[in-house]
Structure formats: C-alpha cells, structure tokens
Amino acid sequence: MNKTISSLAILKVNWDSLKRDYVESFIPFLATLIGKRKYKDIDVNKICKDFTDEYGLIIPYHPMITILNRAKTRGFVKQRFHKYIPIEKNISKYEFSSQTKDQLRKQEKVIKEFIDYSLKHYSVELSQEVAESIVLAFLKENDLDILFATQHLTVLPSVNASQKHKYLINSFIKYSIVKEPEIFNFIVSIVVGHILASALLYDKLDNYKGKLKNVNFYFDTTFIFRLLGLEEEKRKIAYGEFIETLIYEKANLFIFLHTFEEVKRILENCLKWIGHTNYDPSFASQALKYFVQNSWRESDVERFLVGLENLLKKYQIRIVDTPDPDKDKSYQIDEEKIQKVIVETYSELNPYFDQADKAFTIQRDIKSFSAIYKLRKGRKPRNIKEAKSIFLTTNSSLAYAGKKFEISETSLGAFIIPACLTDVFVGTVLWLQSPAKVIALNEKKIIADCYAALQPSDQLIKKFIKEIERLKTEGKINDEECYLLRTNRVVMDLLEKKTMGDPDSFTDKTSDEILEEIKLDAIKDKEETLNLEKKSHRKTLDELKIVKKDRNNLEQNVEKRVNQLSTVIGVVLYFLFLGILIAGYAIQLIPDILEKHKVIKTVVLVITILLTIPNVLIGFHISQLRDIIKDWIKRKLLNLFSV
C-alpha cells in the first residue's frame, strides 16, 4: 500500500481535527515517527530521510526545522546546544494510530475501484503499484501551480505516468463524481493533503499572507474566460468565489487594456468561424471550441460579447492602460531576456511547445510583465502588502519562468514577491485559513481539471484534422460528414476515448472508426425512435380499444335509458289520446259539458275527429300513433345524446 497517498489523506484529517494551520498537521506524523524510532537525539538530515521512508513525503531540511520548532512548543521535543531531544513522556499525546488504519482502508478501496474501472471500461489491466503511481502522478500535475516560486517543486516521490494512464485517472474521477461520491471525497482529501504538504515547502509563506487592501491584481486572458464561463461550469463558480474573496479582502481588481482587447478580439473572431464550413479545431481558440461544441449560434456569442463589460463591472474589474513606455525607462526590464527564459521554460515543460504558434501570446504576457515592473517603480517587495501590483495568471509555466527571470536579476539569496503569481497559489494562501473553503475550492477545481484533461490535446486534434482532410480528398466522406467530424462534441469525446488522449495512438483507422460509430449510433437512435413510435402506436391502439369499448358501453346505456324514457312517454301519450277520445265522445253524448270552456271543448272535439277519421278510413289506431311518436322521440333523444 502506497504510504504517500495515505499520508496525504491523514494530513487532511489532522487539518480538520486540529483546526490550526498546515504546520500543526505534521505534528502527529513527527510524534509517531519519534515514538517508533526511539531517537535519543534527532539528527535533522536523518529524520528527513526517515520521514520519507515512513510516510512517503519528501520534507527538506528547513521545512523539517519548522516542524521540529512547532514540536518544541508542543512540549515533546526540547533543544539543547543546537540539538533536538525527544521528551518521551509527552510523545504519546500527539501520536496517531486509528487514523492510519482508516485511511489505509479507504485508500485500498479507491485503488481497487480504479483497477476494476480501468479493466471494465478500457480493458486495461493495472497492478496495485501502477495504479497508486498513477494517482500520485495526477497530484504532481498541479505541483507547479502551487510551488512555482520555491526551490523545491514537490513533496511527492518521483513517479511516471503515460498519457493513457493520465486519461484513465481523470476518467475514473469523472465517473466517481456521479457514481461513487465516497471515492471522490477521498480523492479530494488527498488533494487537500497535497496542498498542505506543499505549503510547508514555502519558508516565506508568511510573506504572502496579510491584508490585501489596496493590493492591485491584474488578470490574464484565460482568467477572464474562466470567469465568464468558457470552461466547465464548476470552474466558473470557483473563479467567481475567488473574485468575491479578493473583493472582500478589499483588493483592487484590474485588466490591462491590451488584455481586454485580446479577449474581445478572440470573441469577435469566434463570430467569424461559428458555422463556417472551414472551421478547424486545431487552430481554434479555447473559446471557439467551447462555442462550436456547445452548438452556440452567432447571436449567442454576440450577446456574450455585448455583456462582457457589464460582467467586468459586476466583479469590480476595471480596464486600465499600461504605463507610458516613454516614461520611467529606468524601470524597463530586459524583454529579450525574459522572452528567452519563457521560451526555454515552455520548451522544458512541454515537448510539443511551438514557439511560432505562441509568439503573439508570449509578447502579450511580456507586455504585462513589463507593466508590473514599471508600476512597482523599482521596489523589491518582501511581503504582499509591499508588492502593490501583481500579475495574476492561470499559466503556471509563465509564473515559473517569471520567477526564474527574477532570480537571475536579483542578488543571491534576496527574497521578493514575484511580479507574477498563479491564481491557484493566491487562492491557496487565502483559503488555507479556512478548511471549509479549501474543500469547496478543490472539489470544483478537481471536477473542472478532469473535464479539461479529457479533452483532446492540440497535437491529437491536428492529427485528426489531417486525416479527415485526406478522407475528404479521397471521396470517402462528404462535406457534411467532414463538418460533423470537425465540430461535434461527441466526435471529440470519441477521439479522446479511442486514443486515451495519446497522440501516438492515433492511426489512419481512428477517423473511420469514429465515423462508423457515429453512423451506428445514428442507426441505433433511429431504431430506438422507431421502437418508441411502435410502442406509442401500440399504446394508442390499446387506448383506442378501451375508448371504443367505453363508447359502446356508453351508447348501450344511452339507448337503454332512451328506450325507457320513450316507453314512458308512449304510455303517457296513449292514455292522453285515449282520455281525449273518451272526452270527445262524452261531449257528443252530453252537449252541455264544458259549455263554460268552449275553447277546450272545441280543441277536444277537433282532436277526437282527427283521431277518429283515420281509424274509420284505414283502421289507424291510437296505439299506432303512440308508437310512431315514441319512435320519433327515441330517434331525437339518441341524436341528442350520441357520442
């Protein structure tokens, strides 16, 4: 079982329970190590080595001194003639035991699930050792974001992971976010532990702490795009919270005019290429890829562009120009030298770095660097308050290059706050003072980073575009299929999945496989649609049968009621006509009847005559008249109540 992973998780547990600072989180580690090794006195170099052997974390000499000095204040170490002596009776109070077992159990579950996931979803067999190395490599990916300004670039042991392995761990984490929240929570814990361990490497971390009132932060282009939401939604939320923290700390927030114009230029360029048949993702900006893959229209981007300045106002970010280049020339930096350092650093950290492709971006960043030095007017700030002006970037390689340039420009051993800091580092310094915020920050960051890592790299996209152009030229795909392969989000997901993010795994069959899979998915979708329609049709027929049955029942009930009603009416009419006949005959026999009601008498006599004549001539009886009227009433009632 990998010691490093469990140690990072225990650091997070200590952080939660001790509720002090990152140094305090190491106290149980030191106490347990001293109790186990039974030191008579402590040699700092030896305990550094023993610490790595026991816990898998690389703690250099000076950070270890920081931990020992904290142990001295806790009373289980004393110092005598520059030596540290353990105080045995006090050590047990600070040791841990059950925490280790609990974290080992969680770690074992995570590694097992990762191994099972890789085999089930990608047919990749991983040993436990390799799986643990991949998890550590995932953590090391973010080392430079935090540690760019220290002489130590990691607390983690050296591990190697291929591009496919990196894809596997990011895919697994993405899966665990939804399906296995307990596993995701453990991953968050080790990430937080990594941050706590990394913070220890800053012997000058206190210099970065303090009130940010009247400290001026200038944001780079990518920061603004992330704040606007042109990457994963969780990242947008995290950056919004970061800005709100800076506002709460009363920092001043800016964007240089040339950066703002670059943001607008990129968005305006997106308008030209959305829906364009020659759209090429290998040359597209991150913003354009986002718009195309999310099926945005020109009108959507236009609204986005129009709302840009309002959004900056919402977050109190002001647009300012850089200092006049003709003034304060004494504060001008050697731009050729810093450009050389940036190119060397990028080349060192990225084997696919293309200087020509990044030339414009580098010049823009150099302009921002130069502006910060002029705004500082030659000051060598030793704390964040004195820094006054800071260029905040999402690009850790750029910040690292800036730090290397500053080291070459300052006297040996002198410490200054760098002109350029990463957003992750500043966020870490701010949020280390609040455990709850550290967790919330890193949950969102892990999610956003995983989604970003699962997108095809520029190198992979270039290979893919070259291949589909060949297929189009050879007539194997048409214009519509070519455009689909360039723009569809599902295509990009399939490209990444089939190659597992490795450009070297791309072959001339990959595009055919992707197109075939899309066609199969389309057929499958049509079949599913047809099946749904059939199912819906069957359901409709069944419902229709029920309706017909109900209607028949209703019609039968109506007919029954109508028959009953018409029969009653018929009986009433029969007796009515019979009564009229009897009355008519009585009037004829006794003329004085109804003398006072001559109208009624006349009507009775007329009806009697009308009923008697057909009976005499053709034998038509009143019972027949009754039946005729009854049938007529029945027809009328059936028409009236028909459904």
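These questions and answers walk through a predicted model. Residues are numbered from 1 along each chain as its sequence is written. Local features need pLDDT of at least 70, side-chain atom pairs count only at pLDDT 80 or more, totals for chains, interfaces and linings use all residues, and side-chain values use heavy atoms, with hydrogens and water left out.

Q: How many helices and strands does the protein have?
A: Helices (H or I, at least four residues) and strands (E, at least two) are DSSP runs, numbered from the N terminus. By that count, the secondary structure comes to 29 helices and seven strands.

Q: What percentage of the residues of the protein count as buried?
A: Buried means under 20% relative accessible area, exposed over 50%, and partly exposed in between, with a 1.4 Å probe and protein chains only. The protein has 643 residues. The buried part comes to 45%.

Q: Which helix gives the largest share of the largest nonpolar core?
A: A nonpolar core is a set of buried Ala, Val, Leu, Ile, Met, Phe, Trp, Tyr and Cys residues joined through side-chain atoms within 4.5 Å. The largest one has 161 residues, and F217, F219, I224 and I317 have the most contacts inside it. Twelve of its residues, the largest share, come from residues 181–199, helix α10.

Q: How many residues are in the other core, which lies apart from the largest one?
A: Its members include L460, I465, L485 and V491. The total is 17 residues.

Q: Which residues of β6 does F219 contact, leaving aside neighbours within four places in sequence?
A: Contact means heavy atoms within 4.5 Å. Among the contacts of F219 are I224, I243, L246 and I317. Strand β6 spans residues 389–393. From that strand, F219 touches F391 and L392.

Q: What is the strand order of the open sheet?
A: Two strands pair if DSSP finds at least two bridges between them. Here five strands pair in the parallel sense. The edge strands, each pairing on one side only, are β5 (317–320) and β7 (420–422). The full order is β5-β4-β3-β6-β7.

Q: By what angle are neighbouring strands of this sheet turned against each other on average?
A: Axes are lines fitted to C-alpha atoms, for helices over the stretch in contact, and angles run from 0 to 180 degrees between N-to-C directions. For this average, direction is ignored. The turn is 35°.

Q: Which residue of β7 is the bridge partner of L392?
A: Strand β6 pairs with β3 in the parallel sense over four bridges, and N216 stands opposite S389 there. With β7, strand β6 pairs in the parallel sense over three bridges. In that second pairing, the partner of L392 is L421.

Q: Which residues of β6 point the other way from S389, F391 and T393?
A: Five of the five residues of β6 are buried. S389, F391 and T393 point one way. On the other side are I390 and L392.

Q: Which residue of α22 forms an aromatic pair with F148?
A: Rings of Phe, Tyr and Trp (its six-membered ring) pair if their centres lie within 6.5 Å; planes under 30 degrees apart count as stacked, over 60 as edge-to-face and the rest as tilted. This pair is edge-to-face, at 5.7 Å centre to centre and 85° between the planes. F148 sits in the loop between α8 (143–147) and α9 (163–179), and its partner is 277 residues apart from it. That partner is F425.

Q: How many residues apart are F464 and F506?
A: Both are buried. Their rings are edge-to-face, 6.2 Å centre to centre. F464 lies in helix α24 (residues 458–473), and F506 lies in the loop between α26 (489–499) and α27 (510–589). The separation is 42 residues.

Q: Why does S282 count as buried?
A: S282 lies in the loop between α14 (257–273) and α15 (286–293). Leaving aside neighbours within four places in sequence, S282 is in contact with I461, K462 and I465. S282 counts as buried because its relative accessibility is 11%.

Q: Which residue's side chain joins that of S282 in a polar contact of 2.5 Å?
A: A polar contact is a pair of N or O atoms within 3.5 Å; within protein, one must be able to donate a hydrogen and the other to accept it, and residues adjacent in sequence count only if both atoms are side-chain atoms. The partner of S282 is D280.
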